[in-house]
Amino acid sequence: MAAALGMRGTTRRLLATLRSRTLGLAATSTDAHRLSAEERKQVMLDLKAAGWLELSERDAIYKEFSFRNFNQAFGFMSRVALQAEKMNHHPEWFNVYNKVQITLTSHDSGGLTKRDVKLAKFIEKVAVSV
C-alpha cells in the first residue's frame with residue numbers, strides 16, 4: 001500500500017512537470033508574441049469586418065454572437081471549447097440563453113497575439129456552420 005501511494009506521488013510530480021513544459025512550449029511559440037502595430041492593422045481589418053471590436057480598456061477583441069436558442073449556443077460553445085483546448089488557448093466568455101459574448105486576449109503575453117486571431121477565425125467558421 002505504501003509503495004502504491006509513493007508511486008502516485010511520483011506520477012503526480014511527473015504529470016506536473018510535463019504540464020509545465022507543455023505550457024512553456026505553448027508560450028514560446030511564434031504565435032504567442034504580441035502583435036506589432038503593423039500586424040494588428042492587417043488582421044483587424046478582417047476581424048472588424050466580421051464584427052469583432054477592439055476593446056479600449058485592454059488589449060483584447062470582443063464579439064457577441066446570437067443563436068436561435070440555448071441548444072445552438074451551447075453547441076457553438078462546445079465546438080469552440082474543443083478547439084481552444086487543442087490550442088491551449090481559452091476564451092473569456094459569458095452565455096445567457098441564446099447569446100454568447102467572447103473576449104480574446106493572451107494573458108501570458110499581455111495582449112493580442114496571433115493565437116487570438118487564429119481562434120477568432122475558427123470561431124467565425126463555427127458560428128456560420130451552427
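Helices (H or I, at least four residues) and strands (E, at least two) are DSSP runs, numbered from the N terminus. The model is predicted: local features need pLDDT of at least 70, side-chain atom pairs count only at pLDDT 80 or more, and totals for chains, interfaces and linings use all residues. Residues are numbered from 1 along each chain as its sequence is written, and side-chain values use heavy atoms, with hydrogens and water left out.

**Exercise 1. State the fold pattern and the confidence of the model.**

Step 1. The chain has 4 helices and 4 strands. Their order along the sequence is α-α-β-β-α-β-β-α.
Step 2. pLDDT is the predictor's confidence in each residue, from 0 to 100. Its chain average is 83, and 77% of the residues score at least 70.
Step 3. Over residues 20-28, pLDDT stays under 50. For this stretch the model has 6 contacts (heavy atoms within 4.5 Å) beyond four places in sequence.

**Exercise 2. Test the length of α2, then describe its course and its cover.**

Step 1. The expected span of a helix is 1.5 Å times one less than its number of residues. Helix α2 (residues 37-49) has 13 residues, so it should span 18 Å; its end C-alpha atoms are 18 Å apart, which agrees.
Step 2. At V43, α2 bends by about 30°. The bend is the angle between axes fitted to the seven residues ending there and the seven starting there.
Step 3. R40, V43, M44 and L47 of α2 are buried. Buried means under 20% relative accessible area, exposed over 50%, partly exposed in between (1.4 Å probe, protein chains only).
Step 4. Their cover includes β1 (53-54), β2 (61-66) and α4 (114-129).
Step 5. After α2 comes G51, with a positive phi near 100°.

**Exercise 3. Find which element gives the most to the largest nonpolar core.**

Step 1. A nonpolar core is a set of buried Ala, Val, Leu, Ile, Met, Phe, Trp, Tyr and Cys residues joined through side-chain atoms within 4.5 Å.
Step 2. The largest one has 23 residues; W52, I61, F65, F76, I102, L104 and I123 touch the most other members.
Step 3. Two or more residues come from each of α2, β2, α3 (70-87), β4 (99-104) and α4. The answer is α4, with 6 residues.
Step 4. Take I102. Leaving out residues up to four places away in sequence, its contacts include W52, F76, W93 and I123.

**Exercise 4. Is S56 buried or exposed?**

Step 1. S56 lies in the loop between β1 and β2.
Step 2. Its relative accessibility is 76%, so S56 counts as exposed.
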